Amino acid sequence: MIRRISAMLLAVASLFGAGVVMAAPAQAYCNSQHACFYENLGYTGMQRTDFYSRTSWANIAYAGTSIPLYKGDGVPENVTSIENADTDTKLSVYYNSGNLGPCFMIAAYGSVYNMAAIYVKSGTQANDNMNSHRFSNSCLGNTYDF
Ligand SMILES: [Ca+2]
Ligand SMILES: [Ca+2]
């Protein structure tokens, strides 16, 4: 609900010509205020754009497919790069479903080119291992934008 209201306020603000200038998103595919998830590094492969926080990537699929974003830790089809097109809130990404476990954040209007560069705990890369996300600044992990 908070996210929907936030988007409406932004739309109203633009009607009044607030003249807010924002940097271009890394990828045109990712709609404003959405999070976009990609199968491969560099924002390639199967993709999904999502306006909402999700408690289980096993229950959501890449666009135009029935392939979930998570099929068990280490499965190559799992998410490897992410864009956060939310202009004022970080995206928290969690190792477990239910927005639980080790996590990292992506800066507001930031992106992560290759999750293999991020370790969520000793010896465990974020690549192909994450399970859920939430638009939130509250995760205790590090914040990335690269
Ligand atoms: Ca992958
Ligand atoms: Ca996991």
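Two residues are in contact when their C-beta atoms, placed from the backbone, lie within 7 Å. By this criterion, in the predicted model shown above, residues 24 or more positions apart account for 58% of the contacts in the protein chain with a separation of 6 or more. The following paragraphs trace how the parts of the chain are brought together.

The protein chain contains one helix and 10 strands. The helix stands at the N-terminal end of the order of elements, and the strands follow it. Of the 146 residues in the chain, 36% are buried. Confidence should be considered alongside these figures: the average pLDDT of the chain is 88, and 81% of the residues score at least 70. Over residues 8-25, however, the pLDDT is below 50, and this stretch has six contacts in the model beyond near neighbours in sequence.

One open sheet is formed by four strands in the order 2-1-3-6, with antiparallel pairing. Strand 2 and strand 6 (111-112) are the edge strands of this sheet, each pairing on one side only. Strand 1 pairs with strand 2 (residues 44-50) in the antiparallel sense over five bridges. Along this pairing, Ala 35 lies opposite Asp 50, and Tyr 38 lies opposite Gln 47. Three residues separate the two strands in their hairpin, where Gly 42 adopts a positive phi near 70°. Strand 1 also pairs with strand 3 (residues 81-84), again in the antiparallel sense, through four bridges. Here Cys 36 faces Glu 83 of strand 3. Because five of its six residues are buried, strand 1 is largely enclosed by the rest of the structure.

A second arrangement of strands can now be considered. This open sheet has four strands in the order 9-4-5-10, and its pairing is mixed. Strand 9 and strand 10 (143-144) occupy the edges and have a single partner strand each, so one side of each is left without a neighbour in the sheet. Strand 10 pairs with strand 5 in the parallel sense over two bridges. Within that pairing, Met 105 has Thr 143 of strand 10 as its bridge partner.

The discussion turns next to the nonpolar core. In soluble globular proteins, nonpolar side chains tend to be buried together. The largest nonpolar core in this model has 29 residues, and those with the most contacts inside it are Ile 82, Val 93 and Phe 104. Strand 1 (35-40), strand 4 (91-96) and strand 5 (100-106) each contribute at least two residues to this core. Val 93 illustrates the packing: leaving out residues up to four places away in sequence, Val 93 touches Ile 82, Cys 103, Phe 104, Ile 106, Met 130 and His 133.

A loop residue completes the account. Asn 129 is located in the loop between strand 8 (124-125) and strand 9 (132-135). Is Asn 129 buried or exposed? A residue counts as buried if 20 or more other C-beta atoms lie within 10 Å of its own. Asn 129 has 22 such atoms within 10 Å and is therefore buried. Apart from neighbours within four places in sequence, the contacts of Asn 129 are Asp 73, Gly 74, Tyr 95 and Thr 124. Asn 129 and Ala 116, which are 13 residues apart in sequence, have a C-alpha to C-alpha distance of 9.7 Å.

How values were computed. Residues numbered from 1 in each chain as written. Chains lettered and ligands numbered in written order. Predicted model: local features only at pLDDT ≥ 70, side-chain atom pairs only at ≥ 80, totals over all residues. Core = buried A, V, L, I, M, F, W, Y, C linked by C-beta atoms within 7 Å. Buried ≥ 20, exposed ≤ 12 C-beta atoms within 10 Å, placed from the backbone. pLDDT = per-residue confidence, 0-100. Pairing = 2+ DSSP bridges.
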